[in-house]
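Subject: Structure for your review

Dear colleague,

Please find below the structure that I am handing over to you. My findings follow it, and I would be grateful if you could read them alongside the coordinates.

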Amino acid sequence: MSMEDLKEKTNDELFDAYRKETDENIRQLLRQELTLRYLFIVKAIAYQMRDLYISFTQPEDIINEGVLEIMKGIDRYDPARDNKFDTFISQRIRGMVIDLMRKNDWMPRNFHRDRKNLEEIQTRLTEQLGRNPSDEEVANEADMDVKKLRKIRSMSTMVNVLSLDMTYDETDEAVLQVPTEDEGVLPEASLMNKETTRQLASCIDRLADKEKMIISLYYVDNFNMSQIANVMEISQPRVSQLHAQAIRKLKKMMRE
């Protein structure tokens, strides 16, 4: 099987051939072709999350690690159990970036607690002042410096991207959920996923127009906060505030 033959095949055909092939040399060619086809996902995530890791590593390093993640993901991907490979590998690559942040001590241990505290202060001050408080006012109320506040908000954006794949452990830290290998443990998973998607769409439809636009631009069109600010002609901090506000509303509506 030549590389030209491989290029004629669809992604699904390549995955099917990879699962059935026993010759390791051919499997290596199939894995190489699949990796190249999904390289764009690594580059996109490296671009989207660069503000979060740039203090301790470079985009090229994230891309290199992401390529390894794709290669491992190709072996672990099961189309009968997992979502589309695009979704499956995107979650794994984002989780990989989270792990790198933890290993480099970039994610504060009390991040989730601090984020929740800032959200509560933001809401309280908005009600008291009748306007959105400045970063300085929120930081002063939280007894922290503005630099730390902005770092937590920036990280919150990334965590919200992963919100459907995250849980919190007994120490109140964010933890990436790994799907179980035992399909029998989750017999109703498919039904629940469809119902959750339907409910989430309904909740998004109840958001204010600007909130809906931000959710759409960020999660569907993959715009970053700066690009959204340019499109909507508002400041980037305002985009972050509206984004966090929309996520809080969605979480509350989904719980209800």
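In this predicted model, helix α14 gives the most to the lining of the second largest pocket, with 13 residues. Helices α8 (111–129), α10 (146–161) and α14 (236–255) each supply at least two residues of that lining. The second largest pocket holds about 700 Å³ of space. It is lined by 28 residues, and those closest to its centre are Glu 119, Thr 123, Ala 244, Gln 245 and Arg 248. By character, the lining divides into 12 polar, 11 charged and five nonpolar residues.

Helix α8, one of the helices named above, also contains Gln 122. Gln 122 counts as buried because its relative accessibility is 10%, under the 20% cut-off. Leaving aside residues up to four places away in sequence, Gln 122 touches Asn 132, Pro 133, Val 138, Arg 153 and Gln 241.

I turn next to the salt bridges, of which the count comes to 18. In general, side chains of opposite charge can pair when their charged atoms come close. Three pairs and one network are described here.

- Asp 135 and Arg 150 form a salt bridge in which the closest N and O atoms are 2.9 Å apart. Asp 135 lies in helix α9 (residues 135–142) and Arg 150 in helix α10, so the pair ties together parts that are 15 residues apart in sequence. Asp 135 is buried, at 10% relative accessibility, whereas Arg 150 is partly exposed, at 46%.

- Lys 7 pairs with Glu 33, with 3.5 Å between the closest N and O atoms. This salt bridge links distant parts of the chain, since Lys 7 belongs to helix α1 (residues 3–7) and Glu 33 to helix α3 (residues 24–37), 26 residues apart. Glu 33 is buried, with a relative accessible area of 5%, while Lys 7 is partly exposed, at 46% relative accessibility.

- Asp 78 and Arg 81 meet through their side chains in a salt bridge of 3.8 Å, N to O. Both partners fall in the partly exposed class: Asp 78 has a relative accessibility of 24%, and Arg 81 has a relative accessible area of 27%.

- Glu 24, Arg 27, Arg 31 and Asp 75 are joined in a network of salt bridges.

As to the chain in its entirety, it has 14 helices and two strands. Of its 256 residues, 35% are buried. Among contacts between residues at least 6 apart in sequence, 58% join residues at least 24 apart.

Finally, a word on confidence. The mean pLDDT of the chain is 77, and 78% of its residues reach 70 or more. Over residues 161–192, however, the pLDDT is below 50, although this stretch has 39 contacts in the model beyond near neighbours in sequence. Where pLDDT is low, the predicted coordinates should not be read in detail.

Which helix, then, gives the most to the lining of the second largest pocket? The answer is α14, and the residues closest to the centre of that pocket include Ala 244, Gln 245 and Arg 248.

With kind regards

Key: Residues numbered from 1 in each chain as written. Predicted model: local features only at pLDDT ≥ 70, side-chain atom pairs only at ≥ 80, totals over all residues. Heavy atoms only, no water. 1 Å grid on protein atoms, 1.4 Å probe; cavity = no way out; pocket = protein on both sides within 12 Å on 5 of 7 lines; lining within 4 Å. Points joined across faces, edges and corners; volume = space filled by probe spheres on them. Helix = DSSP H or I, 4+ residues; strand = E, 2+ residues; numbered from the N terminus. Nonpolar A, V, L, I, M, F, W, Y, C, P; charged D, E, K, R; others polar. pLDDT = per-residue confidence, 0-100. Contact = heavy atoms within 4.5 Å. Salt bridge = Lys/Arg side-chain N within 4 Å of Asp/Glu carboxyl O. Buried < 20%, exposed > 50% of the residue type's maximum accessible area, 1.4 Å probe, protein only.
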